[in-house]
Amino acid sequence: MLQLFYILLCVILSGWDCAWANSPKVLVVHSYAQGYPWTKSQMEGIQTSFDKFYPDTELFIEYLDWKNYPYQKNFQLQYDEINYKYKDKGIELVIVTDNVALDLMINLRPQLFPRAPIVFSGINNYLETRAKDEPNIGGITETLDYESTIRMMLDLHPETKDIALILDSTEISRDLLSEFKQVLPKFQNQVKFKILHDMAMPDILREIKNLPEHALLLCSNFSIDKDGRIYTQRQALRMFTAPGHPPAYGLWEVQLGHGIIGGSLLDARLHGQVAAELGIKALSGEKIPVIQNSLTNLAFDYNQLKRFNIPLDRLPKKAFIKNLPESIFRKYKTEIIFILLVIGILIIMNVYLIANIRKRHIAELERDRLLVEEKKARHSAEEAVKAREMFISLAAHEFRTPLTVLTLQLQLLLRIIKGETKRPSGQEEIAEALQRAGTQTKRLDSLIEDLIYVAHTSSGEVKLNLQQTDLTPIINKLHFFFQPTLTIARSELNVHIEGNTVGNWDKEKIEKLIENLLSNAIKFGNHKPIDLFIKSDNDGVLIKVKDQGIGIYKEDRAHIFEKFGRAVSELNFGGFGLGLYIAQLIAEAHRGYIKVESEPGVGSVFIVFLPYQP
Ligand code: ADP
């Protein structure tokens with residue numbers, strides 16, 4: 001609240017046009033010595049305000065050193081000296097800190113500078129001073145914040161039952177004690193207070209040692225003990241807060257860093273600043289108010305917090321912490337934030353780049369895939385064209401041979417009928433010509449049948465008409481059918497049947513399969529005998545067609561089962577290269593298989609397995 005008041009004051013003053021044409025002469029009189037921390041800080045505050053709002057001010061500064069010389073004699077000497085020094089100076093404003101200086105200047109004002117306003121800072125017990133009856137005097141009192149400090153002590157040490165307040169033997173301490181007593185009733189049921197006032201230092205220290213467990217100290221004003229021994233604030237605090245003593249709290253910001261843990265501490269500098277600013281207002285003729293609130297800050301000493309194991313998170317949020325070790329982060333905050341920012345930007349850029357590279361990589365993979373597919377499509381299109389061309393040339397060759405023979409036989413028959421032959425032909429020649437013509441017709445028929453079959457099964461899928469099928473009659477039929485061809489080929493077929501030959505098969509397709517194998521054995525059998533074995537086992541039937549013909553090279557064995565796959569030249573052996581392809585389709589449609597064992601020049605064995613139940 002007071003801070004707010006102070007800020008408002010600053011704002012008003014900063015926009016304020018100074019009314020004086022000349023540099024005003026201001027006398028600052030301090031009750032204590034120049035080096036006394038409370039006085040020193042107040043002076044710094046006064047100087048800051050004048051530097052900021054009215055730098056031309058001519059400042060005269062006096063120190064009464066009342067802590068060291070608290071005697072009437074000193075008062076008289078100072079009275080004479082100031083009277084002597086400033087009689088004709090034309091002082092326009094007097095600022096005093098603490099009570100003695102206020103007293104002295106009230107005495108001196110009538111003869112030295114009767115019209116000069118007096119602004120005070122750090123006055124105890126204002127209502128008991130002469131200032132309240134004097135005109136043109138105002139300022140800021142020194143009101144200690146006992147209440148907030150004690151509340152905070154109890155918050156941080158909830159187990160506390162006793163608090164000892166230490167005060168010296170000065171008059172001011174008597175005033176401070178009476179202020180303290182006004183606060184006491186608020187804590188009556190919570191805690192017991194022990195007041196160590198107007199005592200000799202050894203007695204105070206003994207009392208401190210004898211305090212019960214969990215007691216706390218509250219160090220108020222201390223400069224002279226009962227025996228008249230003088231202590232600086234720091235010396236006294238060092239003794240009160242010696243090792244083994246209870247945790248100590250204070251009331252002035254100047255005590256911080258000298259053994260106290262902290263407190264709601266009076267800010268001497270702020271007092272000086274506010275007093276000077278009130279003085280500047282008084283110079284312009286404004287009435288000086290009397291501010292009786294405490295100008296305090298919640299402040300702590302990190303070293304003492306650590307000493308008594310008080311964690312930082314137990315402190316009020318707005319608390320100032322002195323001696324807080326500078327963390328690397330706090331020290332290099334700007335640099336670290338900058339580096340983090342740069343790293344952040346780099347990470348974002350990297351993620352973006354990686355995403356881009358990934359995208360490109362995926363696009364490249366897709367492009368490669370399309371290229372491969374396109375290549376494949378082109379390859380198969382080329383293959384298809386090649387196959388078609390090969391097929392056309394094969395077909396032309398395959399169909400022409402039997403057609404030529406057939407035409408010749410028909411021409412021969414015509415000549416026989418017309419009697420144009422050189423010698424008369426009998427029934428025998430006619431029958432032979434007709435038989436040869438019939439053979440060629442059969443061959444043509446077989447070729448066309450293969451083509452139709454392949455055309456029907458272009459997808460490679462064979463539809464089966466499964467029925468109980470016996471292989472023996474099929475073999476007999478084929479044996480009979482191939483007899484003329486075998487005769488022409490000067491070969492013979494030996495059939496060996498063993499065991500069960502009945503299964504659930506497609507009769508016509510099985511017949512076609514065996515027919516293809518037998519016709520190949522005759523074609524490539526080198527006029528040697530051919531063996532057909534039918535052998536049954538538990539799961540199905542094995543059909544073997546064995547010849548002693550030209551055989552097949554190892555590298556050709558795999559592709560003779562492909563569509564149009566051949567291992568011989570069409571100049572030597574006719575055929576479309578479809579017989580084995582069809583045989584394999586049929587075997588696999590029955591969940592069986594076909595394979596070949598062969599040796600070039602020795603012969604081949606084609607083996608087919610057909611399960612009884614496909
Ligand atoms: P085609 O007999 O009409 O050429 P196939 O599909 O029946 O077609 O046979 C493919 C190829 O397999 C034949 O061209 C031939 O090279 C080889 N082949 C098939 N059966 C035999 C066999 N018994 N002996 C040697 N080679 C064979």
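In this predicted model, Ser-598 sits across from Ser-604 of β20. That pair belongs to a longer run of contacts: β19 and β20, the strand covering residues 603–611, line up in the antiparallel sense over 7 bridges. As a bit of background, strands in a sheet pair through backbone hydrogen bonds, and the pairing can be parallel or antiparallel.

Zooming out a little, β19 and β20 turn out to be part of an open sheet of 5 strands, arranged in the order β15-β17-β18-β20-β19 with mixed pairing. Two strands end up at the edges, namely β15 (493–498) and β19 (593–599); each has a single partner strand, so one side of each has no neighbour in the sheet. Going from one strand to its neighbour in this sheet, the turn is 15° on average, with direction ignored. The sheet also has a helix lying across part of it: α14, made of residues 471–488, crosses β15, β17 (530–536) and β18 (540–546). Set against β15, helix α14 runs at about 175°.

Next comes the ligand. What surrounds it? A shell of 20 residues does, and the closest are Asn-520, Asp-547, Arg-566, Ala-567 and Leu-580. Sorted by character, the shell breaks down into 10 nonpolar, 7 polar and 3 charged residues. Several elements chip in, with α15 (507–524), α17 (579–589) and β20 each supplying at least two residues. Helix α15 gives the most, with 3 residues. Strand β20 therefore shows up twice in this account, as a member of the 5-stranded sheet and as a supplier of shell residues.

A few polar atoms can be picked out around the ligand's oxygen atoms. On the side-chain front, Asn-520 places a polar atom 2.8 Å from a ligand oxygen. The backbone joins in as well: a polar backbone atom of Ala-567 is 2.9 Å from an oxygen atom of the ligand, and for Gly-577 a backbone N or O atom lies 3.1 Å from one. On its own, the ligand has 520 Å² of accessible area, and the protein covers 97% of that.

Elsewhere in the chain there is another open sheet, this one with 3 strands in the order β10-β12-β13 and, once again, mixed pairing. Its edges are β10 (262–266) and β13 (320–322), which each pair on one side only. Neighbouring strands here are turned by 40° against each other on average, direction ignored. Strand β12, covering residues 296–301, pairs with β13 in the parallel sense over 3 bridges. One residue pair shows where the two strands meet: Ala-299 has Phe-320 in β13 as its bridge partner. This sheet has a helix packed on it too, namely α5 (residues 146–156), which touches β10 and β12. The direction of α5 makes about 170° with that of β10.

Notes. Residues are numbered from 1 along each chain as its sequence is written. This is a predicted model: local features need pLDDT of at least 70, side-chain atom pairs count only at pLDDT 80 or more; totals for chains, interfaces and linings use all residues. Side-chain values use heavy atoms; hydrogens and water are left out. Two strands pair if DSSP finds at least two bridges between them. Helices (H or I, at least four residues) and strands (E, at least two) are DSSP runs, numbered from the N terminus. Axes are lines fitted to C-alpha atoms, for helices over the stretch in contact, and angles run from 0 to 180 degrees between N-to-C directions. Contact means heavy atoms within 4.5 Å. A residue is near a molecule or strand if one of its heavy atoms lies within 4 Å of it. A polar contact is a pair of N or O atoms within 3.5 Å; within protein, one must be able to donate a hydrogen and the other to accept it, and residues adjacent in sequence count only if both atoms are side-chain atoms. Accessible areas come from the Shrake-Rupley method with a 1.4 Å probe; for residues, only the protein chains shown count as cover. Ala, Val, Leu, Ile, Met, Phe, Trp, Tyr, Cys and Pro count as nonpolar, Asp, Glu, Lys and Arg as charged, and the others, Gly among them, as polar.
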